[in-house]
Amino acid sequence: MTTNFKKYFFLIPALFLLAYTSYRAYKLSFTIDESFSFIFYVLDTYGNIIHFKLLDPNNHVLNTVCMKFFSSWLPLSELTLRIPSLLAHMAFLLFSWLLLKDFKNSWMRLAA
């Protein structure tokens, strides 16, 4: 294998994983936690979200604020409310690749 192919081989499973999570975000209906976040946080003000007006462990501030932001700009749907999670997954895959791309052992990189 060439060096460039070994370096970018990790991107193939990452793209499949991102495609799978994107498909699930589009096709699956909301869970009870996502519905709770929408009803009690996304429909509230930004200030109340950030200052924990309603104390509940379901308030993941960054995700809730991003859900509110995207739902104000895009048509309201499950996919729109899941865009922050998809973006976070993309960032996770990107930074995982940046951390692992310089591993010498290809199998170790793929396993990690």
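The legends below describe four close-up views of a predicted model.

**View 1. The largest pocket and the helices that line it.** In this predicted model, the largest pocket has a volume of about 280 Å³. Its lining is made up of 16 residues, of which F30, E34, L81, R82 and S85 are the closest to the centre of the pocket. Helix 2 (11–27), helix 3 (32–42), helix 5 (61–73) and helix 6 (78–100) each contribute at least two residues to this lining, and helix 6 gives the most, with 4 residues. Sorted by class, the lining of the largest pocket holds 6 nonpolar, 6 polar and 4 charged residues.

**View 2. The salt bridge between E34 and R82.** Side chains of opposite charge can pair when their charged atoms come close. The structure holds 1 salt bridge, and this is the pair formed by E34 and R82, whose closest N and O atoms are 2.8 Å apart. The pair links distant parts of the chain, since E34 belongs to helix 3 and R82 to helix 6, with their positions 48 residues apart in the numbering. R82 has a relative accessibility of 8% and therefore counts as buried, the limit being under 20%, whereas E34, with a relative accessible area of 23%, is partly exposed. E34 and R82 are also among the residues closest to the centre of the largest pocket.

**View 3. L28 in the loop between helix 2 and helix 3.** L28 is found in the loop that runs between helix 2 and helix 3, and at 38% relative accessibility this residue counts as partly exposed. When residues up to four places away in sequence are not counted, L28 touches E78 and R82, the second of which is the salt-bridge partner of E34 shown in View 2. A further residue for orientation is T45, which is 17 residues from L28 in sequence, while the two C-alpha atoms are 27 Å apart in space.

**View 4. H89 of helix 6 and its contacts.** H89 lies in helix 6, the helix that gives the most residues to the lining of the largest pocket. With a relative accessible area of 17%, H89 is buried, because that value falls under the 20% limit. Leaving aside neighbours within four places in sequence, the residues in contact with H89 are L17, L18 and T21. With T21 there is also a polar contact, in which the side chains of H89 and T21 are joined at 3.1 Å.

Definitions and conventions: Residues numbered from 1 in each chain as written. Predicted model: local features only at pLDDT ≥ 70, side-chain atom pairs only at ≥ 80, totals over all residues. Heavy atoms only, no water. 1 Å grid on protein atoms, 1.4 Å probe; cavity = no way out; pocket = protein on both sides within 12 Å on 5 of 7 lines; lining within 4 Å. Points joined across faces, edges and corners; volume = space filled by probe spheres on them. Nonpolar A, V, L, I, M, F, W, Y, C, P; charged D, E, K, R; others polar. Buried < 20%, exposed > 50% of the residue type's maximum accessible area, 1.4 Å probe, protein only. Polar contact = N/O pair within 3.5 Å; in protein donor to acceptor, adjacent residues only side chain to side chain. Contact = heavy atoms within 4.5 Å. Salt bridge = Lys/Arg side-chain N within 4 Å of Asp/Glu carboxyl O.
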